[in-house]
Amino acid sequence: MTRSPGENLGANLEAAAHRATLKDRYAAWRAQGFDAARCPVRNVLDHLGSKWSTLLLIALAEKPMRFNALLRDVPDISRRMLTQTLRDLERDGLITRQVFPTKPPSVEYRLSPSGESVLGPLTALVGWAEQHFPDIERARARFDAGAAAVPDGAAARETPVALAPVPVRG
């Protein structure tokens, strides 16, 4: 993707602002000793960043769904993983679970207000992933090709350059 000089400048300024913000946040977390209980990256984003959580939040953004509908809607998820991920999302307050008094009982899941509030950042992240996915695939292919060329996964070593002896002046 080619950008004009003005677009590059704007993108660089925006990136610099993001770096400064993240630097400040990182420093604050460091000052707290990276306490896992107080660290939003490990504590919150760990759940949000999982592929199943993201896909379930996207599915539930469309409409409330029952367990089996989610199982059919989200590709490749097992019943066990769906159950665990729904429990994690409910525990984090991102979804609600409503049990209907039917025989057998049926359960419907929907986004909570907190779950609704994450849709904006999630939409931005999904858009970024879609836009950059081809670049990431190419980078992975280049990396994997380079890793395959290195025997036994050993780190690539540069061949040392032989230096000519320096004449001694006397």
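So, to start us off: is aspartate 135 buried, partly exposed or exposed? It's partly exposed, with a relative accessible area of 41%. Keep that residue in mind, and keep in mind too that what we're looking at is a predicted model.

Okay, salt bridges. The structure has two of them. Aspartate 135 is in one, and its partner is arginine 138. The closest N and O atoms of that pair sit 2.3 Å apart. If you find the two on helix H7, which covers residues 119–149, you'll see they're three residues apart, so about one helical turn separates them. Arginine 138 is partly exposed as well, at 47% relative accessible area.

The other salt bridge is between arginine 110 and glutamate 108. Here the closest N and O atoms are 2.8 Å apart. How do the two ends compare for accessibility? Arginine 110 comes out at 36% relative accessibility, so we call it partly exposed. Glutamate 108, on the other hand, has 16% and counts as buried, because the cut-off for buried is under 20%.

Now let's go to the strands, starting with E3, residues 106–111. Five of its six residues are buried, so the rest of the structure largely encloses this strand. And what does E3 pair with? Take strand E2 first, residues 95–100: E2 and E3 run antiparallel, with six bridges joining them. The connection from E2 to E3 is a hairpin, through five residues. If you want a landmark in that pairing, look at glutamine 98, which stands opposite glutamate 108 of E3. That's our buried salt-bridge residue again.

E3 also pairs with strand E1, residues 65–66. That pairing is antiparallel too, over two bridges. Methionine 65 has tyrosine 109 in E3 as its bridge partner.

Right, on to pockets. The largest one has a volume of about 730 Å³. How many residues line it? The count is 24, and nearest the centre you'll find Pro121, Ala124, Leu125, Val126 and Trp128. As for where the lining comes from, at least two residues each are supplied by helix H1 (5–31), helix H2 (40–48), helix H3 (51–62) and H7. H7 is the top contributor to this lining, with ten residues. So that's the helix with our aspartate 135 and arginine 138 pair, back again in another role. In terms of chemistry, the lining splits into 15 nonpolar, five polar and four charged residues.

Then there's the second largest pocket, with a volume of about 210 Å³. Its lining is short enough to read out: Leu22, Arg25, Trp29, Pro40, Val41, Val44 and Leu45. H1 and H2 are the elements giving two or more residues here. Which element gives the most to this lining? It's H2, with four residues. By class we have six nonpolar residues, no polar ones and one charged.

To wrap up, three places to look on the screen. On H7, there's the aspartate 135 to arginine 138 salt bridge. On E3, there's the largely enclosed strand that pairs antiparallel with E1 and with E2. And for the pockets, H1 and H2 each give at least two residues to the lining of the largest one, and two or more to that of the second largest. Happy to rotate the model if anyone wants another view.

Note on methods
Residues numbered from 1 in each chain as written. Predicted model: local features only at pLDDT ≥ 70, side-chain atom pairs only at ≥ 80, totals over all residues. Heavy atoms only, no water. Salt bridge = Lys/Arg side-chain N within 4 Å of Asp/Glu carboxyl O. Buried < 20%, exposed > 50% of the residue type's maximum accessible area, 1.4 Å probe, protein only. Pairing = 2+ DSSP bridges. 1 Å grid on protein atoms, 1.4 Å probe; cavity = no way out; pocket = protein on both sides within 12 Å on 5 of 7 lines; lining within 4 Å. Points joined across faces, edges and corners; volume = space filled by probe spheres on them. Nonpolar A, V, L, I, M, F, W, Y, C, P; charged D, E, K, R; others polar.
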